[in-house]
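Work through the exercises below with the model open beside you. Try each task before you read its solution.

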Amino acid sequence: MLCNVNMGDEKVINSTFAIRLKQARTMKGFSLRELAEATGDAVSYNAISRYENGVMMPESGNLTVLARTLGQPTDFFFRPLGGIVQSLAFRKLARLKGKAEDTVRAQIQDAAERLLEVEDLVGETKSFNNPLSKTAITSEAEARAEAADLRREWQLGLEAIPTMVALLEDKGVKVAELEAAEDFSGVSGWIGAVPFIVLQKNVPIARKRFTAAHELGHLLLDSRIPETIEGKAREDLIDSFAGAFLIPAQVAIAQLGASRTGLSI
């Protein structure tokens with residue numbers, strides 16, 4: 001993507017490369033100076049700054065060094081931006097702050113782009129349909145009722161769900177996994193009208209399944225929970241949906257009893 005946007009006395013000569021370089025650097029959690037140091041000062045701080053401002057392109061040797069240091073193929077830096085950067089939206093990563101949040105956000109952006117690229121290559125598009133009602137949800141009982149309704153609409157019965165990721169993808173939700181900061185478990189959002197879920201890769205499968213169900217709850221219910229319900233209270237509603245979706249009440253009672261007050265291994 002070549003352009004001629006003035007920046008002071010200089011011109012932006014390649015905004016795509018500039019954006020991709022910053023994205024790759026942020027995914028690694030590097031500042032400009034840290035990236036320069038990671039290259040063994042083979043590429044200077046000033047040079048990297050000029051690359052990211054789009055006023056200079058690296059020679060092939062510097063490009064190779066940057067790609068190797070950032071763990072990306074060289075063609076990553078010239079991958080078309082499309083409309084994903086503008087249309088990608090997801091809620092705040094509450095447990096992450098500052099640089100850690102920036103890093104995970106860049107990783108999520110990359111994962112979301114790759115999901116759509118794979119879909120384009122395969123040539124198959126499954127549209128997403130939310131089969132639930134539009135009424136407001138204000139209680140955990142209502143959230144659990146929505147989970148039961150969804151199971152009926154998706155004809156899941158009362159059996160365990162063999163693979164949450166396969167189910168979500170079959171229903172038109174794009175799913176990716178990434179190795180991210182320890183405090184990150186998962187996030188959901190939209191690329192335009194396409195829903196996606198990104199999950200932490202290296203966690204126990206039970207936690208990953210619950211996170212997937214939790215993020216599905218955000219996709220389906222967030223717009224129906226009043227804005228006055230926020231923070232932990234909002235997350236508790238989504239947790240209630242996720243738990244009831246994974247283990248219907250009838251099954252839990254049959255397996256555990258109706259009056260149990262605790263569980264142990």
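**Exercise 1. A covered helix**

In α9, the buried residues are Lys208, Thr211, Ala212, Ala213, His214, Glu215, Leu216, Gly217, His218, Leu219, Leu220 and Leu221. The model is a predicted one.

Task: Decide how enclosed α9 is, and find what covers its buried residues.

Solution.
- Step 1. Set the buried residues against the length of the helix: 12 of the 17 residues of α9 are buried.
- Step 2. Draw the conclusion. The helix α9 is therefore largely enclosed by the rest of the structure.
- Step 3. Look for the cover. It includes the helices α7 (140-153), α8 (164-170) and α10. The strands β4 (174-178), β5 (186-191) and β6 (194-200) also contribute.

**Exercise 2. The length of α9**

Task: Check the end-to-end distance of α9 against the expected span.

Solution.
- Step 1. Take 1.5 Å a residue. The expected span is 1.5 Å times one less than the number of residues.
- Step 2. For the 17 residues of α9, that should give 24 Å.
- Step 3. Compare with the model. The end C-alpha atoms of α9 are 24 Å apart, which agrees.

**Exercise 3. Where α9 meets α10**

Task: Describe how α9 (residues 205-221) and α10 (residues 231-246) cross.

Solution.
- Step 1. Start with distance and angle. The two axes come within 8 Å and cross at roughly 120 degrees.
- Step 2. Name the arrangement. That angle makes α9 oblique to α10.
- Step 3. Add the hand. The crossing of α9 past α10 is right-handed.
- Step 4. List the partners. From α9 come Arg209, Phe210, Ala213, His214, Leu216, Gly217, His218, Leu220 and Leu221. They meet Glu235, Ile238, Asp239, Phe241, Ala242, Gly243, Phe245 and Leu246 in α10.
- Step 5. Sort the contact of α9 with α10 by class: 10 residues are nonpolar, four are polar and three are charged.

**Exercise 4. Helix α1 and its partner**

Task: Give the length, the burial and the packing against α4 of helix α1.

Solution.
- Step 1. Check the length. The 14 residues of α1 reach 20 Å from first C-alpha to last, close to the 20 Å expected at 1.5 Å a residue.
- Step 2. Check the cover. The helix α1 is mostly covered, with 11 of its 14 residues buried. Among them are Phe17, Leu21, Ala24 and Arg25.
- Step 3. Find the crossing. The axes of α1 (residues 15-28) and α4 (residues 60-70) come within 10 Å, at roughly 35 degrees. This crossing of α1 and α4 is left-handed.
- Step 4. List the contact. Phe17, Leu21, Ala24, Arg25 and Lys28 in α1 meet Leu63, Leu66, Thr69 and Leu70 in α4.
- Step 5. Sort the contact of α1 with α4: six nonpolar residues, one polar and two charged.
- Step 6. Look past the helix end. Gly29 follows α1 and has a positive phi, near 75 degrees.

**Exercise 5. Two unusual backbone angles**

Task: Where do Asp41 and Gln155 lie, and are they buried or exposed?

Solution.
- Step 1. Recall the rule. Most residues other than glycine have a negative phi.
- Step 2. Take Asp41. Its phi is positive, about 60 degrees, although Asp41 is not a glycine. Asp41 sits in the loop between α2 (32-38) and α3.
- Step 3. Take Gln155. Its phi is also positive, about 55 degrees, and Gln155 is not a glycine either. The loop between α7 and α8 holds Gln155.
- Step 4. Apply the cut-off: exposed means over 50% relative accessible area. Asp41 is at 57%, so it counts as exposed. Gln155 is at 71%, so it is exposed as well.

**Exercise 6. Far along the chain**

Task: Which residues does Phe78 touch, beyond those up to four places away in sequence?

Solution.
- Step 1. Place the residue. Phe78 is in the loop between α4 and α5 (84-87). Its relative accessible area is 40%, so Phe78 is partly exposed.
- Step 2. Read off the contacts: Asn14, Thr16, Phe17, Met57 and Leu63.
- Step 3. Look at one of these partners. Phe17 is 61 residues from Phe78 along the chain, yet their C-alpha atoms are separated by 5.7 Å.
- Step 4. Widen the view. In the protein, 62% of the contacts with a separation of 6 or more are between residues 24 or more positions apart.

Notes
Residues numbered from 1 in each chain as written. Predicted model: local features only at pLDDT ≥ 70, side-chain atom pairs only at ≥ 80, totals over all residues. Heavy atoms only, no water. Axes fitted to C-alpha atoms, helices over the stretch in contact; angles between N-to-C directions. Helix = DSSP H or I, 4+ residues; strand = E, 2+ residues; numbered from the N terminus. Parallel < 35°, antiparallel > 145°, perpendicular 65-115°, else oblique. Left-handed = near helix turned anticlockwise from the far one by under 90°. Contact = heavy atoms within 4.5 Å. Nonpolar A, V, L, I, M, F, W, Y, C, P; charged D, E, K, R; others polar. Buried < 20%, exposed > 50% of the residue type's maximum accessible area, 1.4 Å probe, protein only.
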